Amino acid sequence: MTQPIEDYALIGDLMTSALVGRDGSIDWLCLPRFDSAACFAKLLGDEENGHWRIAPLDAAVGEPCTRRAYVDGSLILESYWETETGTVKVTDFMPQREVAPDFMPQHEATPDVIRIVEGISGTVRMRSTLRLRFDYGHVVPWVRRSNGDRVAIAGPDSAWFRSEPPVRTWGEANSTRSQFPVTAGRRVAFVLTWHPSHRPRPEPCEPFGALEQSLADWREWTAQCRYEGPYQEAVTRSLITLKALTYAPTGGIAAAATTSLPEELGGVRNWDYRYCWLRDSTLTLGSLLSTGFLDEARAWREWLLRAVAGDPADLQIMYGIAGERRIPETELPWLRGYASSAPVRVGNAAVDQLQLDVYGEVIDSLYLARSAGLPSERHAWRIQLALLDFLEHNWHRPDEGLWEVRGPRRHFVHSKVMAWVAADRAVRTLEGDPSLDGDVERWRAMRDEVHRDVCANGYDPERGTFTQYYGSAELDAATLLIPRVGFLPPDDPRVVGTVDAVRAELGSSGLVRRYSTAGSTVDGLPGDEGAFLACSFWLTDALHMTGRREEARTLFERLLSVRNDVGLLAEEYDPLAGRQLGNFPQAFSHVGLVNSALTLASPA
């Protein structure tokens with residue numbers, strides 16, 4: 001039985017993460033990194049592809065818990081089960097791993113998944129079923145006893161499983177099962193620890209002390225938040241989610257925790273989002289800087305500089321969480337896909353696309369960091385000059401655009417607007433610091449040329465709107481960013497007309513699609529997709545900027561209602577089915593939420 005995407009909650013240790021269903025089953029876990037192979041892949045297959053469920057013995061397959069919530073200010077999940085014989089709480093978390101200053105992979109601490117079962121009232125008989133399946137649910141490990149614990153080994157992977165105190169545990173049908181009663185006040189902790197199979201067993205984690213330390217770590221982090229405006233709970237939860245998707249050793253922020261959750265149930269629009277996209281850089285950096293998380297903003301900026309270093313012609317749209325360039329895309333035929341949405345893909349072939357907007361995103365991010373007072377180094381400016389030099393000679397070219405279309409290249413309006421942003425930020429930087437190298441008049445000329453070109457070829461005067469690409473009648477929600485990046489002022493009739501046109505033609509039950517897929521060949525793919533949540537937040541911002549503050553607030557609150565019971569958002573939403581779609585949780589959606597809250601809290 002496939003659980004709705006919104007039935008999952010996230011736990012993680014700032015290097016990887018897991019998804020826990022309302023039924024108490026961990027159905028997705030990649031170890032030791034976000035982009036490693038999953039050892040629990042039921043999310044994209046079935047129980048035989050790996051999962052770990054803890055629930056009352058009498059709970060039916062798929063039966064959900066009574067209620068659940070995160071402990072305030074943390075990523076620690078508490079799920080309550082109320083049964084005829086009593087009430088029990090299951091606490092799920094992953095202790096944050098230490099990162100050595102001289103971090104290298106061999107110094108990486110081993111990841112632990114800890115699940116603590118605690119009796120609240122009465123007596124409840126509990127059951128744990130653990131099915132480890134390494135290599136994305138493909139490999140059944142050899143499991144043996146060792147001093148009362150279990151160790152599972154297959155090739156490079158090894159996992160230790162133990163309980164504290166020990167409970168009755170046995171092997172059955174290629175799974176490890178435990179049964180035990182809990183009474184009021186009794187606690188039983190389970191710990192699953194991964195490590196490379198060629199290395200000695202790591203020092204066992206003390207689960208109850210780890211819970212206290214993990215809660216303290218998260219609350220110390222959330223205490224840094226400077227945001228005190230409306231919707232504070234939603235903003236804080238989104239910031240915690242962004243932190244949870246951050247790979248602590250490098251500062252890279254994964255776009256999502258999953259791969260291949262579909263944009264259409266049963267469809268083929270299934271992609272791997274466990275990497276870092278440059279398109280997210282400016283908006284992400286802005287949300288971190290504006291809410292007081294300067295260390296994370298600095299780490300993201302430094303990740304960005306390392307990733308883009310090299311020949312500007314080789315700039316990619318995405319990189320691995322440590323800045324890796326090779327992300328080959330393959331399909332996993334043994335997984336049927338979420339809700340039979342095949343194929344399941346790992347890696348992402350869009351890495352090889354030409355997307356000219358990313359040059360603007362990078363330069364805008366570095367400009368924002370400099371303006372916010374983050375210490376800057378001379379080499380960062382030299383990198384920007386090299387990117388600008390490349391863009392000056394290539395912005396005229398067609399590309400695949402922001403949305404990574406797999407159709408033919410086109411002159412996408414958003415790509416051209418971001419080329420304008422690159423030149424504009426260069427001009428502003430040189431005006432602010434004339435001691436820097438660079439020809440300000442050269443970049444002014446480029447800025448003016450791009451602006452004229454976009455207004456002449458990307459605007460439809462008859463309909464009063466900017467279009468998706470030159471010569472097209474299609475619209476693109478990315479044009480909602482035109483006033484935000486400063487290409488035109490919010491009160492310009494062309495901006496107001498674009499906002500109204502996007503809202504009317506791409507609207508879906510009050511939310512917004514990225515672009516139209518009906519009868520369009522622009523993305524080269526069959527099928528449809530849901531409303532894109534980040535774009536819907538952009539519409540919120542655009543409505544606010546164009547003076548429609550109450551409409552903006554209404555839309556924002558509609559978007560808040562789309563979140564699941566623990567405040568998480570996927571990439572998309574199907575308003576008709578009332579279902580979240582796409583990879584989950586999605587950083588871009590949560591960045592949009594934070595930035596829209598900041599926009600609504602700003603003065604008129």
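The exercises below, each with a worked solution, look at a helix pair and at salt bridges in a predicted model.

Residues are numbered from 1 along each chain as its sequence is written. In this predicted model, local features need pLDDT of at least 70 and side-chain atom pairs count only at pLDDT 80 or more, while totals for chains, interfaces and linings use all residues, and side-chain values use heavy atoms, with hydrogens and water left out.

**Exercise 1.** Work out how helix α7 and helix α8 are oriented to each other, and which residues make the contact.

*Solution.* Begin with the elements: α7 covers residues 378–394 and α8 covers residues 413–432, where helices are DSSP runs (H or I, at least four residues) and strands likewise (E, at least two), numbered from the N terminus. Next take the geometry: the two helices pack at an angle of about 140°, and their axes, which are lines fitted to C-alpha atoms over the stretch in contact, lie 11 Å apart. Angles under 35 degrees count as roughly parallel, over 145 as roughly antiparallel, 65 to 115 as roughly perpendicular and the rest as oblique, and α7 and α8 are therefore oblique to each other. Finally, list the contact (heavy atoms within 4.5 Å): α7 contributes W381, L388 and L391, and α8 contributes A419, A422, A423, A426, T429 and L430.

**Exercise 2.** Find out which parts of the chain are tied together by the salt bridge between E48 and R133, and decide how buried or exposed each partner is.

*Solution.* A salt bridge requires a side-chain nitrogen of Lys or Arg within 4 Å of a carboxyl oxygen of Asp or Glu, and for E48 and R133 the closest N and O atoms are 3.3 Å apart. E48 lies in the loop between β4 (38–40) and β5 (51–56), and R133 in the loop between β9 (112–131) and α1 (134–137), so the pair ties together parts that are 85 residues apart in sequence. Buried means under 20% relative accessible area, exposed over 50%, and partly exposed in between (1.4 Å probe, protein chains only). With 42%, E48 is partly exposed, whereas R133, with 2%, is buried.

**Exercise 3.** Carry out the corresponding analysis for K243 and E296.

*Solution.* The side chains of K243 and E296 meet in a salt bridge with an N to O distance of 2.8 Å. K243 belongs to helix α3 (residues 232–244) and E296 to helix α5 (residues 294–308), so the pair ties together parts that are 53 residues apart in sequence. K243 is buried at 15% relative accessible area, and E296 is buried at 11%.

Terms used:
Axes are lines fitted to C-alpha atoms, for helices over the stretch in contact, and angles run from 0 to 180 degrees between N-to-C directions.
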